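Got the viewer open? Please take me through this one stop by stop, telling me what to select and what I'll find there.

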Amino acid sequence: MELAVKTCTLDIPFTDMLDFCAAQNIRAVEIGTGNWSSAPHMDLDAMLGSEAVRAAWMDELRRRDIRLCALNCSGNPLAYEADRIVTEKTFRLASLLGVDTIVMMSGLPTGCPWDKTPVWITTSWPPETQEILDYQWNQVAIPTWREFVRMAKDCGIRRIALENHGMQLVYNPETLLRLRDAVGPIVGMNLDPSHLFWMGGDPIEAARVLGEAGAIYHVHGKDSRPERRMCGPNGMLDTKPIDQFRRRAWNYVAVGAGHGVEWWKEFFSVLRMEGYDGVISLEMEDLTMPMLEGHLSSISVLKEALTLV
């Protein structure tokens, strides 16, 4: 396995970001193209429109011996046309750059044809939840994802790694495997431990289930932590914005500030046991730390854990 960086939260100019990665001996980057990423290190339309722009951009990576391991277009293409357009453009750019892995989210449909906003069903009662799920899966998600798969294959994409994020139709191994069974094995998971922690799951057991299915296509090195003073009386469901971290039941934290190096060592060991040999892509969203300090701290923990296995 190899350490990479998802660069969206490394909010410095493109060449400075690459210099930072090279100085930390990071030889792979995951680049956001738009949607929920501000895409600070890539202009998607400019890259699509000019071979010279693409060549100059890629030359900066080659000059530092850094490779582009994935493009990330996370958004909600099942509910919003603008997000779908960025997704399709990202597929086309992947073809032009020779990138075979896309990281994204499944998206989440509305609750019925006349609705305007996505609806995340997390309980089986009241009974109308089942009607909503039937509409979301069978009338929207599966037909749309079959079309995405066709487009991806036409663009030479071999893996679409869906992140197990909340407020998405695919948010855990079970829902990933349901979509995969319907649309084919080009779809796998971007396994992000931080989300499973707050949803009450076990990322190590998730790695075993996904590994048995050959469905781990990407891994985010990202941590989260329950805040006992808040989650004890209130539970882990929390709708307060992430910048209100003092009041939240859980927070995204630098790697190691939620789960120490021994946990990450076991996680990586199990990933290796299950045959995963891809990247561990750091995503640092700890708002309590300066940006560069949070990245350096996380890189240190991930390097130590990867060395130990």
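Start by selecting β3, residues 67-72: this strand gives the most to the lining of the second largest pocket, with 4 residues. Keep in mind as you go that this is a predicted model. Now add β7 (216-221), which, like β3, gives two or more residues to that lining.

Next, pick out Arg-67, Cys-69, Asp-100, Thr-101 and Arg-159; of the 19 residues lining the second largest pocket, these lie nearest its centre. The space here comes to about 270 Å³. Colour the lining by class and you'll get 10 nonpolar, 4 polar and 5 charged residues.

Hop over to the largest pocket, with about 630 Å³ of space. Select Trp-36, Met-105, His-165, Lys-222 and Glu-285, the closest to its centre among 29 lining residues. Coloured the same way, this lining splits into 14 nonpolar, 9 polar and 6 charged.

Now for some backbone stops. Zoom in on Trp-125 and Pro-126: the peptide bond between them is cis, with omega near 10°. You'll find Pro-126 in the loop between β4 (101-104) and α5 (128-154).

Then go to Asn-25, in the loop between α1 (14-23) and β2 (28-32). Its phi is near 60°, a positive value in a residue that isn't glycine. Last, select Ala-39, in the loop between β2 and α2 (44-49). Ala-39 has a positive phi too, near 50°.

Show the surface before you leave: which of these two is buried and which is exposed? Asn-25 is exposed, because its relative accessible area is 51% and the cut-off is over 50%. Ala-39, at 13%, is buried, since that class takes in anything under 20%.

Notes:
Residues numbered from 1 in each chain as written. Predicted model: local features only at pLDDT ≥ 70, side-chain atom pairs only at ≥ 80, totals over all residues. Heavy atoms only, no water. 1 Å grid on protein atoms, 1.4 Å probe; cavity = no way out; pocket = protein on both sides within 12 Å on 5 of 7 lines; lining within 4 Å. Points joined across faces, edges and corners; volume = space filled by probe spheres on them. Nonpolar A, V, L, I, M, F, W, Y, C, P; charged D, E, K, R; others polar. Buried < 20%, exposed > 50% of the residue type's maximum accessible area, 1.4 Å probe, protein only.
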